[in-house]
Amino acid sequence: MRWTTQSPPLKTCLASAVLLTLAACGGGGGSDNGDGNPGTPPTVRVQGAVERPGNYGETELNALSTKLNQDTVTLADGSTRTFLGQVAMSVLRNAGIGDGSGRYVLATGNDGYRVAYSVGEFDPGRSNKFATLQYKEIVNSVQGPIVGAEGPFRLMVPGDRNAGRSVSNLARLEMRPVTSAALATGGGVAGAFTVSGAVSKPATFDLAALQALPASTLSFNGNTYTGVSLWTLLNSTTGLKTETAQRNPTLAMVAVATGSNGRKELVSLGEIDPAYANLGALVAYAINGQALGADGVAQLVLPYQIDHTRVISNLTNIEVQTTAP
Ligand SMILES: Nc1nc2c(c(=O)[nH]1)N[C@H]1C(S)=C(S)[C@@H](COP(=O)(O)O)O[C@H]1N2
Ligand SMILES: [Mo]
């Protein structure tokens with residue numbers, strides 16, 4: 001059976017219930033997904049910058065792969081639960097996103113809880129992360145739907161220090177285009193960059209300004225980079241302007257870095273926040289103790305990237321953004 005994207009209107013449903021059984025009306029017999037149509041099997045919506053937006057329920061998710069990711073997690077209430085699901089990136093790929101470049105991922109719960117992720121982190125081929133769209137649970141050795149408020153769908157991001165980036169009761173998985181007001185400035189060596197957007201103190205950083213901030217180092221590609229942690233720069237130096245109504249508002253925020261040639265790279269704030277993924281992005285100003293030369297005064301380096309592609313040389317701007325619901 002294939003679920004259609006539209007449930008029958010409730011009015012028609014009640015009218016026909018006079019003649020038909022309620023189960024036949026909904027066409028499903030699945031569990032209640034809270035949409036007022038008790039017969040409609042629950043689905044999660046995949047939408048936005050994808051070629052084929054659609055609703056994914058158990059049938060559609062099962063069809064993607066017979067090998068499910070299994071994760072046993074300890075929830076905030078101390079209970080241990082074993083969930084199963086598909087690699088979230090393969091669900092998005094199935095909806096048509098090419099290599100995902102120029103886009104990012106936004107997950108939204110039925111309660112409006114919202115978390116943004118970069119494709120660079122989300123794509124298992126690029127960062128060793130296997131974010132999973134979970135939709136099954138093992139209880140007493142028996143596999144069934146996810147029980148209770150965690151389900152029927154849950155987006156799980158492994159390896160974080162805090163469960164905040166896992167979205168329970170997932171309603172939507174969306175791709176959004178990466179945008180920024182920063183334009184290309186003709187390429188070439190950039191002597192400074194600005195931090196703009198959703199920050200308290202927008203500022204311009206040249207070499208002296210960067211050197212005045214707490215320094216960190218990291219190894220990447222066999223080199224030692226010195227610079228300022230991107231999280232420290234945004235959170236402590238410029239300060240983040242967060243949405244007051246949102247729970248864990250920084251998890252729904254992103255930073256878009258632009259180079260002098262216009263190249264852009266999006267970083268979700270949750271991936272660099274030490275309380276969550278703590279992945280350690282660096283705004284570097286020296287390599288092996290030397291200035292960056294042709295790479296400009298500052299270069300954004302994300303060392304956890306397997307494919308080493310998330311580097312922005314000749315950094316000209318970092319635009320911090322809140323994401324619209
Ligand atoms: N839909 C939704 N998912 C959510 C939240 C939320 O408020 N709504 N809170 C997050 C936070 S802050 C944490 S710590 C974990 C805690 O939930 P758990 O009991 O499932 O671990 O869920 C995360 N997922
Ligand atoms: Mo949390």
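Which atom of ligand 1 does a polar side-chain atom of Arg247 lie close to, and at what distance in Å? Hi everyone, let me start there. In this predicted model, the partner is an oxygen atom of the ligand, and the separation is 2.5 Å.

Arg247 has company. On the ligand's nitrogen side of things, Asp111 places a polar side-chain atom 2.6 Å from a nitrogen atom of ligand 1. The backbone joins in too: at Ala76, an N or O atom of the main chain sits 3.1 Å from a ligand oxygen. As for cover, ligand 1 would expose 520 Å² if taken alone, and the protein buries 81% of that.

Now let's step back to the whole shell. Ligand 1 is surrounded by 13 residues, and Asp111 and Arg247 are among the closest, together with Glu150, Ser166 and Ser168. Sorted by class, the shell has five nonpolar residues, five polar ones and three charged ones.

Let me leave the ligand and turn to empty space inside the protein. How many cavities of 30 Å³ or more does the structure hold? The count is two. I'd like to show you the second largest, with a volume of about 30 Å³. If you want to find it on your screens, look for Tyr117, Glu121 and Phe122, then Lys129, Ala131 and Val157, which line it. Four of those lining residues are nonpolar and two are charged, while the polar class has no member there.

So keep both pictures in mind: a ligand shell with five polar residues, and a cavity lining with no polar residues. Thanks, everyone, and I'm happy to chat afterwards.

Notes:
Residues are numbered from 1 along each chain as its sequence is written. Chains are lettered from A and ligands numbered from 1 in the order in which they are written. This is a predicted model: local features need pLDDT of at least 70, side-chain atom pairs count only at pLDDT 80 or more; totals for chains, interfaces and linings use all residues. Side-chain values use heavy atoms; hydrogens and water are left out. A residue is near a molecule or strand if one of its heavy atoms lies within 4 Å of it. A polar contact is a pair of N or O atoms within 3.5 Å; within protein, one must be able to donate a hydrogen and the other to accept it, and residues adjacent in sequence count only if both atoms are side-chain atoms. Accessible areas come from the Shrake-Rupley method with a 1.4 Å probe; for residues, only the protein chains shown count as cover. Ala, Val, Leu, Ile, Met, Phe, Trp, Tyr, Cys and Pro count as nonpolar, Asp, Glu, Lys and Arg as charged, and the others, Gly among them, as polar. On a 1 Å grid over the protein atoms alone, a cavity is a set of points where a 1.4 Å probe fits but cannot get out, and a pocket is an open set with protein on both sides within 12 Å along at least five of seven lines; lining residues have an atom within 4 Å of a point. Grid points are joined across faces, edges and corners, and a volume is the space filled by probe spheres set on the points.
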